[in-house]
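Trainee: Could you take me through one part of this structure up close? I'd like to look at the open sheet, and then see how the rest of the chain looks around that.

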Amino acid sequence: MPHGLSVNERDGTILVADTCLRCVKVFDREGQFVRRFSEPSREYWDVVLWQGDTFVSHSSGIIKFDSTTGVVCGELETNREIRGLAICEEGLFACVRRDFKILVCDPHLNLISQIEIKTPFAT
C-alpha cells in the first residue's frame with residue numbers, strides 16, 4: 001500500500017514508500033518501475049530525498065539509503081514510530097507518533113534537537 005511520495009529533482013524519478021511490501025519503489029517519469037530499496041523487517045511510512053540520499057521513516061526510526069545503489073548507509077533507531085518526514089535548511093524533521101515530538105537530524109542522522117509539541121493534535 002503506497003504511503004509516502006517524493007520526487008527526485010535531478011532526474012525526475014518518483015519514490016513511493018510501500019507499507020505492505022515494506023520497500024521503497026522507484027519509478028521513472030513515465031511511471032515505469034525501475035527498482036526498489038528494501039529492508040524487509042521495517043514497515044515504511046514516508047520518504048524524502050536529501051543531499052543525494054533517500055531517507056525513509058519506519059516503525060521504529062529512520063533509515064538512510066544510498067539513492068544510487070539502494071544500500072542502507074545509516075539509521076536512527078528511536079524505538080518509536082516515525083510517520084512524517086520533511087527537509088529544510090535546518091535539517092531533517094521527523095514526527096514521532098504518539099509522543100508529540102519532532103526530531104531534527106543532520107544528513108548523517110545525528111540528532112540535533114527535539115521539539116516538544118505543546119498542544120495535542122486531537123484538539
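Mentor: Here is a walk through the sheet, followed by a few other spots and the overall picture.

A word on ground rules: this is a predicted model, in which local features need pLDDT of at least 70 and side-chain atom pairs count only at pLDDT 80 or more, while totals for chains, interfaces and linings use all residues. Residues are numbered from 1 along each chain as its sequence is written, and side-chain values use heavy atoms, with hydrogens and water left out.

Now the sheet. It is open, has 4 strands in the order β9-β10-β11-β12, and its pairing is antiparallel. Strands here are DSSP runs of E with at least two residues, and helices are runs of H or I with at least four, numbered from the N terminus; two strands pair if DSSP finds at least two bridges between them. The edges belong to β9 (82-88) and β12 (111-116): each has a single partner strand, so one side of each lacks a neighbour in the sheet. From one strand to the next, the twist averages 20° (axes are lines fitted to C-alpha atoms, and angles run from 0 to 180 degrees between N-to-C directions).

Start at β9. This strand and β10 make a hairpin with 2 residues between them, and their antiparallel pairing runs over 5 bridges. One spot to find on screen is leucine 85, whose bridge partner in β10 is alanine 94. Now look across to β11, where alanine 94 stands opposite leucine 103. Cysteine 95 faces isoleucine 102 in β11. In total, 5 bridges join β10 (residues 91-96) to β11 (residues 101-105), again antiparallel.

Next, hop over to β3 (residues 23-27), which holds valine 24. With 0% relative accessibility, valine 24 counts as buried (that label means under 20% relative accessible area, with exposed over 50% and partly exposed in between, using a 1.4 Å probe and protein chains only). Leaving aside residues up to four places away in sequence, valine 24 touches Leu15, Val16, Ala17, Arg35, Arg36, Phe37, Tyr44, Val47 and Val56, where a contact means heavy atoms within 4.5 Å. The C-alpha atoms of valine 24 and threonine 54 are 9.4 Å apart, with their positions 30 residues apart along the chain.

Then there are the charged pairs. Taking a salt bridge as a side-chain nitrogen of Lys or Arg within 4 Å of a carboxyl oxygen of Asp or Glu, the count is 2. Aspartate 18 pairs with lysine 25, with 3.3 Å between the closest N and O atoms, and both residues are buried. Aspartate 53 meets lysine 64 at 3.6 Å, N to O. Aspartate 53 sits in β6 (residues 53-58) and lysine 64 in β7 (residues 61-66), so this pair ties together parts 11 residues apart in sequence. Aspartate 53 and lysine 64 are both buried too.

Zooming out, the protein has 12 strands and 0 helices. Its radius of gyration is 14 Å, close to the 14 Å that the globule rule gives for 123 residues, so the protein is as compact as a globular protein of that length (the radius is taken over C-alpha atoms, and the rule is 2.2 Å times the number of residues to the power 0.38). Buried residues make up 43% of the 123.
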